[in-house]
Amino acid sequence: MWFEQVLFFLAGIGALAGALGVVVLRNPFYSVLALVTHLLALAVLFLLLNAEFIAAAQVVVYAGAVMVLYIFVVAYIGGLDEPLRPEGGLVNVVGPLFAAAIGVELCIAFIASGLSALDTRGADLGADFGSPGEIGQLLLTRFLVPFEAASYLLLMAAVGAVVLARRRRGLEEVEIGALEEVGAPPGRREPPPETTLEVRV
Amino acid sequence: MDVVWFLVLSAFIFVIGAAGVLTRRNPLVVLLCLELMLNAGNLALVAFARMHGGHAGQVFALIVMVIAACEVVIGLGIIVAMYRNRLPIDVDEMSELRG
Amino acid sequence: MSATSYGWLILAFPLAGTLLIGFGWLRPGGLPARLPGWIASGAILGAFLSSIGALIKLEDRPEDARSLVDSAWTYASTGDFKVDLAILVDPLSVFMCLVVSGVSFLIHVYSVAYMGGDRGYTRYFAYLNYFVFSMLLLVLAANFVLLIVGWAFVGAASYLLISYWYRRETATSAGIKAFVINVIGDVGLVVAAFLVFDKTGALDYAGVFGQADSAFGHNDGTLVAACLLILVGAFAKSAQLPLHTWLPDAMEGPTPVSALIHAATMVTAGVYLIARMHPLFEQAPTAADVSAIIGTATLVFAATVALAVTDLKRTIAYSTISQIGYMVLGVSVFAYASGMFHLMTHAFFKALLFMGAGSVISAMGGIQDMDRMGGFRKAMPFTFAAFLCGALALAAFPFTSGFFSKDEILAFTLERGGWYVALAIAGYVGAALTAFYAFRMVFRVFWGPPVQEARELEQGHLAHHPPANPATGEAEDSDVGFPAEEHHIAEREWPMRAAMGPLAVLALLAGFAQVPGVTDAIEKFLEPTFADSHFHESAPSDSSEWVGLVIGGLISIGGIAAAYFAYVRRRGVTLQLRDRFGRVHAFLVNKWYFDELFEAVFVRPVATAGGFGRAVIETRFVQDFLVGGAVGIVRVGTGIARSIQTGYLRAYALLLLFGVALLALYFLLASS
């Protein structure tokens, strides 16, 4: 139906615009915002594909939690405003070239493939295709192991994050540095005695 | 819409993400571009799920989201640790593993 | 006990002696003084008695059954080819065993006293027993393989004994020189064995000699080549031209070693070899002729040099070379019995001469130069008497042993006729020279006014000089322990007298075992071995032998008289001659410049080539180019590989993408 097509194009343009914004925008904060836009557009696309639960998860988890975490970090760190023509030579030219090459190959693969199913809207669906009930049932029966593995992975990620981000106790210069750290922008720091990254766990 | 449109769109998003990984120097933005690529993959997965009429692709996309979340957490943790140790937040400066 | 059992016993005794003494050295505190000497002498006595046992058993058998082979173990056996650890007991080998073990026993007894006080006493006797074992192995071998094993062992033992006082650089150089020349001989012998095996398919004597007539034609090229190579081996061991240069330098070893190795046993191994290989040589007379010519040339050459050198031991060494020339001449004109007889008598009188020389050198406090000796007649009567007996035998004074043996060889040579007469004349000239220089030694050392050491000895006091190298005269430090500071002379040590006495008697009387036409004991004994010789029937008649003997006797007396005239009556004659004929004298004293010739032709080019090899080939080519090149290539390669690891995240990501792009391209193309 024409409604779907219009919606598809709108969401598609939104997604592409968000993606381009992430890559092109100089301020990392703007990049994060562009990604959020991209994620919302992608949620719309998921809805068009009858994946309601995934769309909801995208908005709530991805755009809601992960991106918020991102925004916090970007606010904390800030990051540089990169110059418009960054140095680094060859990679800046060749990289996009290879990426474009991959894009062309993928498109050829998709469009010129002999799969007839690609040219349809897809199989006939039941009424509750993509509903949370279906997904939940699958997660607890057929895909139980990936489900548990994913939760285990989340546990490890949480532990890792705590380890990475904790303060080191009993180290003098870090404590002094810690007192200074709060609220001071990066530019005003004096160079540390050692600049090498030591792994002290 | 035919499924192939979604796939082509996901290819474009993937490619834009790849170009971004290669081009940007701020590690935060590099991670964002990685997210782009992951999302492109998600889109392709869901499109194929629609094509087959099965839910496997959607479950896969859910797990991918979980993984992306974990990866973002760790990556941001590393960047925060870099920041705390007063290292420059620039991927080109982090080249001590040269051979 | 059969003859072959005695044969194994002959080998077992010296081997047991070596092992016992060698391991006895490990006993804490070593072995008691002089015990190793007695153990060694006992072992050789056992070998000698076993030789007599083998002799008796062999004589019990009929004449045509006196060639016994006994095998202990088979090395290799494929098809109809067999090589085993076998000994051959036949008249020739028993004869050699008797001579070797008998003379060795006496020399061992002599050494017990002579080497007393030397720090390496145990080592000396272990080496000496090992040497006798190797020599007996060589003689008793029944095939080429064991012969070559014994040959090599003897070479090794001679090296060990020549460089016995290894702290002296001259001794070690002499040992190396002897060993290198011996190895040249070894190579010749091994290649000869290959050639023989190639044509006959067998390596044991019975097999090879049985086929000598059938496998090779008369003067067949391969056979002549094989015989010439055997001659190379024989001449290296027996110090004939041109491989003789090691023998005079080998006088660096202790005097009993010179007596054993370079008078009685090792140098006679070459003569034994030619005699043993006589079927091959008779089938290739060209090689035999070459051998005869070289033997004669050596004979004359060595006799002339012995006229001029002043070192006592070296004079006797050149005398050895000359006498072996006689033996080689003898077995090359197929006068086997005569050649072996001369071998036996030479063993007696040459060992005796060396023993006497050892005693004199001890009296001189270690000095070997004849120019400083004189007038020892009164001070050392026993040594004088023994030395005189040996010199008489060497000069072939009528009715001594040397008389019968040497002149019989020359009679045989005359009998062969043709151009052999020239060889015989050269032999007689050599005999005259021999008589002269033999008594030159006697008169120089024992006649004339006594030198200071002799006068001291007459008072009963043995002279003592600071330790010095006899050849170069440079001083040595005296705290090494060897050579021992104490010197032993025959008059004071009974073992030395006990050894020299029997030899003196034998040197004078042993000739009567082979009086032509009267006793002929040696010839009859050795007949079974040489029965297959073609020339067996062409022995000279008894009367022509007696003619030769008479000529020889006259020459000998003439030579002795000339020496008496030159050294006793008119004492300065020789010095005047030396001044008149300075160049000739220099030529003789420098041993006809053979050493210099070899140095220029062989040693210098090889050394230069070696230096070139080291500087260019080894250092530049192998080290820098090959090895360094390999290293460099690896370095460059790894450098290229390393350059990929830049440490830049973006570069890695680029590589990743590049790979993915390639893969996708491949799959696209593959599926289209």
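These are my notebook entries on the chain contacts, one helix and the nonpolar cores of a predicted model.

Entry one, chains A and B. I looked up the contact between these two chains and found that 76 residues of chain A meet 63 residues of chain B. On the chain A side, I noted that α1 (2-24), α2 (28-48), α3 (52-77), α4 (90-111), α5 (132-140) and α6 (144-165) each supply at least two residues, with the largest share, 12 residues, coming from α4(A). I then sorted the residues of that side of chain A by kind, which gave 55 nonpolar, 14 polar and seven charged.

Entry two, chains C and A. Here I found 10 residues of chain C in contact with 11 residues of chain A, and the chain C side divides into nine nonpolar, no polar and one charged.

Entry three, the cores. I looked for the largest nonpolar core and found one of 224 residues, in which L136(C), A351(C), L352(C) and A507(C) have the most contacts; helix α16 (residues 336-363) of chain C gives the largest share of this core, 18 residues. I followed L352(C) further and, leaving aside its neighbours within four places in sequence, listed its contacts as A386(C), C389(C), G390(C), M500(C), L503(C), A504(C) and A507(C). I also recorded a second, separate core of 82 residues, which includes A43(A) and I54(A) together with V3(B) and V73(B).

Entry four, helix α26 of chain C. I checked this helix, residues 594-642, for bends and found a kink of about 40° centred on A600(C). I then counted buried residues among the 49 residues of α26(C) and obtained zero, so I entered the helix as hardly covered.

Note on methods. Residues are numbered from 1 along each chain as its sequence is written. Chains are lettered from A and ligands numbered from 1 in the order in which they are written. This is a predicted model: local features need pLDDT of at least 70, side-chain atom pairs count only at pLDDT 80 or more; totals for chains, interfaces and linings use all residues. Two residues are in contact if their C-beta atoms, placed from the backbone, lie within 7 Å. Ala, Val, Leu, Ile, Met, Phe, Trp, Tyr, Cys and Pro count as nonpolar, Asp, Glu, Lys and Arg as charged, and the others, Gly among them, as polar. The bend at a residue is the angle between axes fitted to the seven residues ending there and the seven starting there. A residue is buried if 20 or more other C-beta atoms lie within 10 Å of its own, exposed if 12 or fewer, and partly exposed in between; C-beta atoms are placed from the backbone. A nonpolar core is a set of buried Ala, Val, Leu, Ile, Met, Phe, Trp, Tyr and Cys residues joined through C-beta atoms within 7 Å.
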